[in-house]
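Visitor: I should be grateful for a close look at a single part of this structure, chosen by you. Please set that part in its surroundings and explain how far the model can be relied upon there.

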Amino acid sequence: MSLISTLLFLPLVGVFILLFVPNWKIQFIRRIALNTSLLTFLISLLLWIEFDSGTARFQFLETFTGSNSTSGFSFSSFNFLFGVDGISLFFIILTTFLIPICILVSWTSIQAYVKEYCIAFLILESFMIAVFSVLDLLLFYVFFESVLIPMFVIIGVWGSRERKIRAAYQFFLYTLLGSVFMLLAILLIYFQTGTTDLEILYCSNFSETRQIFLWLAFFASFAVKVPMVPVHIWLPEAHVEAPTAGSVILAGILLKLGTYGFLRFSIPLFPFATFYFTPLIYTMSVIAIIYTSLTTLRQIDLKKIIAYSSVAHMNFVTLGLFSLNTQGIEGSILLMLSHGLVSPALFLCVGFLYDRHKTRLLRYYAGCGRTMPLFALLFVFFTMANMSLPGTSSFIGEFLVLTGTYQNNSFVAFLAATGMVLGAAYALWLCNRLVYGVIKPHFINEWSDVTRREFWMLVPFVVSIIWMGVYPEPFLDVLHCSVSNLISHGM
Amino acid sequence: MVFNIHDDSLITLSTTYKTFLFDNDFQSLLPEIFLITAGIFLVVYGVIFSTSKDKNYPLLLTNISWLSLLACVFTFLLLVNSPVQNALLFYNTLVIDDFTTFIKGLILFSTFCCIFMSLDYIKQESLNAFETIILLVLSTCGMLFLVSSADFISLYLAIEAQSLCFYVVAALKRNSEFSTEAGLKYFLLGAFSSGLLLFGCSLIYGFTGVTNFSELGRIFTGGTQEILTSTTALPACELGMVFLLVGFLFKITAVPFHMWSPDVYEGAPTPITAFFLIVPKAALFGVFLRIFFESFYDFILPWQKILLVSSIGSMILGSVAALSQTRIKRLLAYSSIGHVGYLLAGFACGTIEGIQALMIYLFVYVFMNINMFAFLLCGMRREHLQTVPRMKYISDLAYLAKTNPILALTFTITMFSMAGIPPLAGFYSKAYLFFAAMSSNLYVLAIIGVLCSVLSCFYYIRLVKIMYFEGPKNWCSFTRVPLENAITLAITLFFILFFMLYPTPLHLITHKIALTLCL
């Protein structure tokens, strides 16, 4: 058993054990799920320790094909080929990091269908690790879509209001509609090259017209997941209706699937089309950054505010990816990681408030700083990280992205930089309304600060945000080889 | 010494079976012969004992169902263990090859499952006509002949044999208006389509003088001078081919000729609907693939066009019309029209990949629908009516997730699979189908198919939504799932869930049979 396969199967082992635990042993079920996911997290850290950052090749290669892997027709037996390089390593660690948090956050708030809840999250974990480590195009699609089913269930079953079904529907159908075109593109690639093995595909060429079509088909899928502006509608809906843990996963990992797809497939496979469509991406990203930042200003639902700010940040990421230089791409990967920490942390904070008062509307809250000082401290810290204060991880990411973009197109960098101002605007506005001000006692009449469990749940986020913000070397070191290989290959 | 004799006998066996002698023909038709004999035996047995005063006029339905299940199993074993894998029988009337063996196995399997999962239903509804089951077995026998027919005469006879059985069983519930109406409609339209089919056959026979598939193919390919130079013969044969095609599209409920199917599928009792929906498609696709690839391959341009139109129409109608259905069997009827559209897409490719995709799709389709119907045939109780009505409306599914979570989960997974969501079997079959379409340059077909499959997600997920999130209009709960249905559900669910991990065997088998058909 190599590390990757351990990581893939460990959550499934947890699921298997859970299946045989009776429904009423709720505490026991939670313990098992938590321990499984923590163990997975530790093993994924081992992955980081063992990782050799001096090479751009895929490491920890693992294949599950039987003896007939050499037979020519690989459609019959998918190439179950898994591997990790510098780009995917941190996404896997982020996934394994967030899943225990998801199980912890619902320790008391989820009382119905606990077993199913834990099973859904563990299956989701396994699928997501697979998405980030699979080295086969068709299987990437398979796992990319498989994530939908547990997510649909999570939003639909444990979501908070009646509108949740509509949200689950929207999430499902938007993503599906986008990604079926990618399926056609993958089949076309398979038809042309006869393989879906990624490492071989990196060495193959497509004609320029075909590249454009394929790129657009991939784009249709990834743009929904990122989300780019015209197709971002599913995201605020899904976020608002999802349970807290669902939002954590959505913001932390599922949004990264789209950008990871751009990085892994669109840019290296279709370099010509990438050049060709860079203006499109720039335009869409800039529109998204400014538009969603402005939209954020007039939202009153706490989760919607954070959801829209996620859209803005993810469009920063696409901007960085398509600047096609080392700073830009490394910055966008760092920004993805940082957003994967900051945004879930904010969703957790909102979740704590919701657990206490059962509302997410901003107008009912004020003056948390008086009644919940510890919460206010953490919330302000994360909001500052969200507006990329220097010293936090987002700053490094956004700074590198802007540097990269500036080298390419200074006007776009200028427009994107206004996004930072607007980001500060909504972050401060939110902080002001929520944390400061006079308490509204006829709405909120019970106060309790964060519990010990909730506090210790947020501490790892604080630590890693500051660590990444002050000393990003360990992250950049791992990234560097893979990213420069990607650039030198593509260009 | 002993080994030598053994080896010699094996060699002689394999050489002599390739002759056209009738005595060997009978041996290689053993599965069909056994099934007919079993059917006749069961009729006699049933008639004698159910009218016997000494035995107090017993109701033999369950008994005969189990016996016919046994007959199906034996036939399957005979089929699989047949020493003859390739032969032309009875002066080129019937053909046996890997293709027919595969389809026959599929037919027997699905018949077995259909009868097996309706055992409890039949008992609950007290449909005490043991002829039904025997008619199903006999129609299966007709389908076995249909699959291996290599001649228009045997094709038509076999189609009629199975259709006649179907007309009878569709009108099984004589005290229900819907069932009689369904039977009548099915009979009229079935007879009409058979007429079209027969007219097509006679046109072709009239202008070529040949009814055998392979000879027909030889005439069109090489051709005698008269046919190739005559101004009327080829267009007339083409017309005949179109008539054949129309009859075929009627029988499989493809789009311009689908209008009877929702009514019939809804009116007929559920086990019969299951049988109609699942079993005959395999047989019809089998034999018509043979005809069009063996005889009419030179007419590929016209038939490909017709099939494309029909396929796209079926896909669109199947996904759009099902959106507004409230009755579950009607919804399934439209969904099966949609599936027929996908199957026809594989047919329309006209390539080896196309056939292979079609076969994979058919296989998965059979499994998914067996799972569906095993679910629908579970007993259901409506509290305040004191009766045991069946699930009729899709709103009856409401709250199933609370009353029977495991059943609900099974149904959900099947629905996701039918919609073609990745890790499930339905995805693989669709993906391979689109791959086949793209590899024969039918990009538009692939795009429309993909869009329709997204559209059809709406109503498949709607069922899930009703089950999990909606409060019931009228309270009804499922009674305990009968053992037979539970077994069927479990096996098919296992297949749907884990097919993706090891699709190689099915892939290789279908590849082999596609080659058998084309080469």
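Guide: Of the 519 residues in chain B, 62% are buried. The model is a predicted one, and the residue I propose to examine, B:Ser429, belongs to this buried set, with a relative accessible area of 2%. The cut-off for a buried residue is under 20% relative accessible area, so B:Ser429, at 2%, is counted as buried.

B:Ser429 lies in helix 19 of chain B, which runs over residues 425-439. Once its neighbours within four places in sequence are set aside, B:Ser429 is in contact with B:Ile360, B:Tyr361 and B:Val364.

The wider setting of B:Ser429 is a chain with 22 helices and four strands. The radius of gyration of chain B is 23 Å, close to the 24 Å that the globule rule gives for 519 residues; chain B is therefore as compact as a globular protein of that length. Along the principal axes, its C-alpha trace spans about 75 × 60 × 50 Å. If one considers the contacts in chain B with a separation of 6 or more, residues 24 or more positions apart account for 80% of them.

The surface of chain B may be described next. Its accessible area comes to about 19,900 Å², and carbon and sulfur atoms contribute 69% of that figure. Chain B carries 27 positive and 27 negative side chains, with the centres of the two sets 14 Å apart.

As to confidence, chain B has a mean pLDDT of 86, and 91% of its residues reach 70 or more. Residues 1-17 of chain B have a pLDDT below 50, and this stretch makes five contacts in the model beyond near neighbours in sequence. The model as a whole scores ipTM 0.86 and pTM 0.89.

Chain A completes the picture. Its secondary structure comprises 20 helices and two strands. The radius of gyration of chain A is 22 Å, close to the 23 Å given by the globule rule for 491 residues, so chain A is as compact as a globular protein of that length. Buried residues make up 67% of the 491 residues in chain A. Among contacts in chain A between residues at least 6 apart in sequence, 82% join residues at least 24 apart. Chain A has 25 positive and 23 negative side chains, and the centres of these sets lie 14 Å apart.

Key. Residues numbered from 1 in each chain as written. Chains lettered and ligands numbered in written order. Heavy atoms only, no water. Rg over C-alpha atoms; globule rule 2.2 N^0.38 Å. Buried < 20%, exposed > 50% of the residue type's maximum accessible area, 1.4 Å probe, protein only. Contact = heavy atoms within 4.5 Å. Areas by Shrake-Rupley, 256 points an atom, 1.4 Å probe, with all protein chains shown as cover. Lys, Arg positive; Asp, Glu negative; His and termini not counted. Charge placed at Lys NZ, Arg CZ, Asp CG, Glu CD. pLDDT = per-residue confidence, 0-100.
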